[in-house]
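Me: Please examine the model shown below and answer some questions on its charged and nonpolar surface features.

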Amino acid sequence: MIKPYLLAYNLASLGGWIYVLALCVMHIAGGMTGSLWAQVELPLKIVQTAAALEIVHAVFGLVRSSPFAVFLQVWSRIYVLWFLANLTPAAQEHWSFTLMCTSWSIVELPRYTFYALKVYDKEVPSALLFLRYHLFMVLYPTGISGELGVLLSALPHIAEHQPFSWKLPNEYNAVFNFYYFNLFVLAVLYPLGGPFMYMHMWRQRQKIYAKQKSA
């Protein structure tokens with residue numbers, strides 16, 4: 001039952017990202033007028049939040065992915081989507097949201113197609129393999145840049161309204177400042193996590209092409 005489930009998951013995710021990408025392309029082709037967020041919010045939330053299942057897949061060995069790398073990528077996206085863009089009108093309408101959403105969508109199409117084929121060890125076409133292990137070179141930097149743009153555009157709203165912040169006195173006798181936490185995310189987590197994810201994909205690319213040469 002695991003293989004049919006993984007196939008269904010990958011195909012459903014592929015369909016979701018195709019729809020999200022189509023909305024992004026129509027928005028860009030239309031001169032970026034109107035609100036992309038208003039059109040893409042629901043499908044983007046569904047398909048990206050569902051990706052949390054990939055953490056479970058990796059932890060329980062259903063796939064051979066690194067649990068840490070999967071967690072880092074999936075959680076960073078969910079964080080930006082739900083805790084920044086979802087709360088902040090300025091971030092929703094900022095051009096960086098379009099860059100982020102489009103980059104995510106494009107990079108996911110060959111990834112889920114690749115995974116769907118690998119479930120039953122089907123041969124991966126060379127063109128798909130090329131896209132899977134080359135698009136990230138451009139789309140990881142553009143996607144991360146979009147995420148950082150969303151974060152930066154959300155900061156004024158967060159500073160003013162202080163969502164998720166705890167001030168004393170409170171029943172837990174604890175303090176948490178969501179604005180300062182996001183400064184930490186901006187100054188520490190992204191400079192560390194971004195290069196880690198890029199080099200992780202680069203190492204995966206080297207392994208794949210090394211196997212092809214030795215085959």
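Me: In which helix is the place of Arg205?
Reply: This is a predicted model, in which local features need pLDDT of at least 70, side-chain atom pairs count only at pLDDT 80 or more, and totals for chains, interfaces and linings use all residues. Residues are numbered from 1 along each chain as its sequence is written, and side-chain values use heavy atoms, without hydrogens and water. Helices are DSSP runs of H or I with at least four residues, numbered from the N terminus. The place of Arg205 is in helix H9.

Me: Which side chain of opposite charge is nearest to Arg205, and how far away is it?
Reply: Arg205 is buried (under 20% relative accessible area, 1.4 Å probe, protein chains only) and has no salt bridge. A salt bridge requires a side-chain nitrogen of Lys or Arg within 4 Å of a carboxyl oxygen of Asp or Glu. Lys and Arg count as positive and Asp and Glu as negative, with His and the chain ends not counted. The nearest side chain of opposite charge is Glu108, 17 Å away.

Me: Is Tyr172 buried or exposed?
Reply: Tyr172 lies in the loop between helix H8 (136-161) and H9. Exposed means over 50% relative accessible area, and partly exposed lies between that and the buried limit. Because its relative accessibility is 57%, Tyr172 counts as exposed.

Me: How does Arg203 count in terms of accessibility?
Reply: Arg203 is found in helix H9. Its relative accessibility is 38%, so Arg203 counts as partly exposed.

How values were computed
Helix = DSSP H or I, 4+ residues; strand = E, 2+ residues; numbered from the N terminus.
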